[in-house]
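Biologist: I am new to this one. Could you walk me through how to read it?

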Amino acid sequence: MGRDTIAEIITSIRNADMNRKRVVCISSTNITENIVKILLREGFIENIRKHREKNRDFFVLTLRHRKRSYRNFLNLKQISRPGLRIYSNYQRIPRILGGMGVVILSTSRGIMTDREARLKRIGGEILCYIW
């Protein structure tokens with residue numbers, strides 16, 4: 001049975017955010033690299049470092065936290081999963097919090113945000129929501 005790398009990323013980041021951890025290590029794959037770059041570009045994480053240990057590559061993420069806040073900064077929700085894939089054309093890509101959140105899509109032109117997909121007029125598989 002295969003691993004669901006997207007679920008592993010989302011769960012590890014969510015758990016670290018709930019426990020007020022500043023640093024998270026996740027395994028390095030092409031999908032994780034693209035998702036982490038989107039998170040960095042959108043401002044949900046502060047820094048990315050690539051780390052190699054015992055012939056395995058990891059990404060070390062530095063999370064962004066609010067000062068003196070009791071609420072979590074990151075809210076992540078996985079949409080597509082191996083048993084149920086959710087696809088959308090560019091006109092029906094959902095808007096999270098009226099456009100303040102981010103939808104990450106896997107398209108024929110790579111992994112991108114909902115704004116980029118609407119501009120390029122392409123749809124794809126909805127991977128996750130971040131707000």
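Biologist: How many helices and strands does the protein have?

Modeller: Bear in mind that this is a predicted model. The protein has three helices, along with eight strands. Read from the N terminus, the elements follow the order α-β-α-β-β-β-β-β-β-α-β.

Biologist: What radius of gyration does the protein have, and what would a compact globule have?

Modeller: The idea is to set the value beside the one a compact globule would have. For 131 residues that is near 14 Å, and the protein has 15 Å, so the two agree. Along the principal axes, the C-alpha atoms fill a box of roughly 40 × 40 × 25 Å.

Biologist: What share of the contacts joins residues 24 or more positions apart?

Modeller: Here we take contacts with a separation of 6 or more, and 61% of them link residues 24 or more positions apart.

Biologist: And what does the protein expose?

Modeller: About 8,400 Å², with 48% of it supplied by carbon and sulfur atoms. Buried residues account for 40% of the 131. As for charge, there are 27 positive and 11 negative side chains, and the centres of the two sets lie 5 Å apart.

Biologist: Let us zoom in on one residue. Is aspartate 114 buried or exposed?

Modeller: A residue is called buried when its relative accessible area is under 20%. Aspartate 114 has 2% relative accessibility, so it counts as buried. Aspartate 114 sits in helix 3, which covers residues 114-120.

Biologist: Which residues does aspartate 114 touch?

Modeller: Leaving out residues up to four places away in sequence, aspartate 114 touches Ile93, Pro94, Gly101, Val102, Val103 and Leu105.

Notes. Residues are numbered from 1 along each chain as its sequence is written. This is a predicted model: local features need pLDDT of at least 70, side-chain atom pairs count only at pLDDT 80 or more; totals for chains, interfaces and linings use all residues. Side-chain values use heavy atoms; hydrogens and water are left out. Helices (H or I, at least four residues) and strands (E, at least two) are DSSP runs, numbered from the N terminus. The radius of gyration is taken over C-alpha atoms; the globule rule is 2.2 Å times the number of residues to the power 0.38. Buried means under 20% relative accessible area, exposed over 50%, partly exposed in between (1.4 Å probe, protein chains only). Contact means heavy atoms within 4.5 Å. Accessible areas come from the Shrake-Rupley method with a 1.4 Å probe; for residues, only the protein chains shown count as cover. Lys and Arg count as positive and Asp and Glu as negative; His and the chain ends are not counted. The place of a charge is taken as NZ of Lys, CZ of Arg, CG of Asp or CD of Glu.
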